[in-house]
Amino acid sequence: MKPSTVNDGGRDAGQPERLGVAVVGAGYWGPNLVRNFQSSPQFRLHWLCDLNEDRARQVLGGYSTVRATSDYAAVLADPAVQAVAVATPAGTHLDVALAALRAGKHVLVEKPLAATYEDGLRLVTEAEERGLTLMCDHTYCYTPAVGRIRDMVRSGELGEIHFVDSVRINLGLVQKDVDVLWDLAPHDLSVLDFILPDHVRPVAVAAHGADPIGAGQSCVAYLTLQLSTGAIAHVHVNWLSPTKVRTTMVSGSKRTLVWDDLNPTQRVSVFDRGVELSAPQEIGPDERRDMLVSYRTGDMVAPAIGEREALRSMVEEFAGAIRSGRPALTDGRAGLKVLDILEAASRSLEFRGAVVGLRTGR
């Protein structure tokens, strides 16, 4: 789709016309999308659609020119709408997003991409066949801290990855329809996929969970991923912790970094400390046993990282993908990888921690 160049409400002539967009869902996350689309110079928000039209009106306020409706068909029939952002429950993502794609609209979907891998694959296939942008809003991938981590990992600054350890725990809202893995782990899994080099990928998963309060699904869970290089990634998610922790450690052969999302003054710390392995041919036979492993103790550096709202960057990426026709940084296939891991983790829970291979790891 090649947007025309017009003078749009005071915009300089020659700039691309704003992309018409509609948000579907006025619940928990929808208002955040409404705010960011309204403030973006790339988009013009035309509709907010929700089954509860009064709730949509409340989100928009009394003076908004954006139209509120409960009629999704009317939104899709509007030729001014080029893109749809879906912020409805995961179980509805397939029907809502598929209808938008079939109407010729580009689609942004909140995490997870769909309720099942097969549903997600249907969306990816539909978008690719129609030449439309399908993007998953993996919000944490658009934080400045994660962007910096991705650069460091992919540039080789950390060396070969040895392990990744992520903790996302708090005294959180126990969900009725999904367990803690499906609720919280998508954040960590999307970040893992985002930062790892292309040649490093998860190939299998094992998961353990517990429901000590009788909620009907796991409230505490531990997920272990085997990576294609022999490295390991571990995710701990928990609704029952009295303290809130949001940390990720990425350890490489050269350096290790720690991301503490709750520390705004020092979100990322890089440690020049670790274990070094001497090649056997470099040392004599008498010293081999004692000197094969040595320890490196160096400095810690806290790189300066700016603050910018992740959703604003995500919205800009959505516009860039639509205008250029390139895949978004967190496109439908990125969302599919997360669904693959979550489904495999659920199967592992059923079989008491058995290792389950991944479709996308083959």
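The paragraphs below lead through a predicted model, beginning with the chain as a whole and then turning to single places within it.

The chain has 362 residues, of which 48% count as buried, and along its length there are 10 helices and 15 strands. If one takes the contacts in the chain with a separation of 6 or more, 65% of them are accounted for by residues that are 24 or more positions apart. The accessible surface of the chain comes to about 17400 Å², and carbon and sulfur atoms hold 51% of that area.

A first place to look is H46, which is found in strand 2, the strand that covers residues 43-49. H46 counts as buried because its relative accessibility is 18%, and the cut-off for that word is under 20%. When residues up to four places away in sequence are not counted, H46 touches G20, V21, V66, R67, A80 and V81. The pair H46 and A68 can be described in two ways, since these residues are 22 residues apart in sequence and 8.8 Å apart in space, taken from C-alpha to C-alpha.

From strand 2 the reader can move on to D50, whose side chain meets that of R55 in a salt bridge with a distance of 2.9 Å from N to O. The two partners fall into separate classes of accessibility: D50, at 7% relative accessibility, counts as buried, whereas R55, at 37%, counts as partly exposed. This pair belongs to a structure that holds 18 salt bridges.

Helix 2, which spans residues 53-60, offers further examples of such pairs. In one of them E53 forms a salt bridge with R57, and the closest N and O atoms are 2.5 Å apart. E53 and R57 are 4 residues apart in this helix, so about one helical turn separates them. R57 also forms a salt bridge with D54, where the closest N and O atoms are 3.2 Å apart. Here the partners are 3 residues apart in helix 2, and again the separation is about one helical turn. Taken together, E53, D54 and R57 are linked in a network of salt bridges. As for accessibility, E53 is partly exposed with a relative accessible area of 24%, R57 is partly exposed at 43%, and D54 is partly exposed at 48%.

Further along the chain, the peptide bond from K111 to P112 deserves attention, for this bond is cis, with omega near -10°. P112 is found in the loop between strand 5, residues 106-110, and helix 5, residues 117-130.

The next stop concerns how helices pack. Two packed helices are described by the angle between their axes and by the distance between those axes. Helix 6, made of residues 144-155, and helix 7, made of residues 180-195, pack at an angle of about 40°, with their axes 9 Å apart. Helix 6 and helix 7 are therefore oblique to each other. On the side of helix 6 the contact is made by V146, I149, R150, V153 and R154, while helix 7 contributes V191, D193, F194 and I195.

On the surface, F163, I232 and M249 form a nonpolar patch, and together these residues have about 220 Å² of accessible area. One of the patch residues, M249, lies in strand 11, which runs over residues 240-252. M249 is partly exposed, with a relative accessible area of 31%.

The last stop is R352, which lies in the loop between helix 10, residues 332-350, and strand 15, residues 356-357. R352 is not a glycine, and yet R352 has a positive phi of about 55°. R352 counts as exposed because its relative accessibility is 78%, and the cut-off for exposed is over 50%. Set beside H46, which counts as buried at 18% relative accessibility, R352 shows the reader the opposite class, exposed at 78%.

Methods. Residues numbered from 1 in each chain as written. Predicted model: local features only at pLDDT ≥ 70, side-chain atom pairs only at ≥ 80, totals over all residues. Heavy atoms only, no water. Salt bridge = Lys/Arg side-chain N within 4 Å of Asp/Glu carboxyl O. Buried < 20%, exposed > 50% of the residue type's maximum accessible area, 1.4 Å probe, protein only. Helix = DSSP H or I, 4+ residues; strand = E, 2+ residues; numbered from the N terminus. Patch = residues over 30% accessible without salt bridge, like charges linked within 9 Å, V, L, I, M, F, W, Y side chains within 5 Å. Areas by Shrake-Rupley, 256 points an atom, 1.4 Å probe, with all protein chains shown as cover. Axes fitted to C-alpha atoms, helices over the stretch in contact; angles between N-to-C directions. Parallel < 35°, antiparallel > 145°, perpendicular 65-115°, else oblique. Contact = heavy atoms within 4.5 Å.
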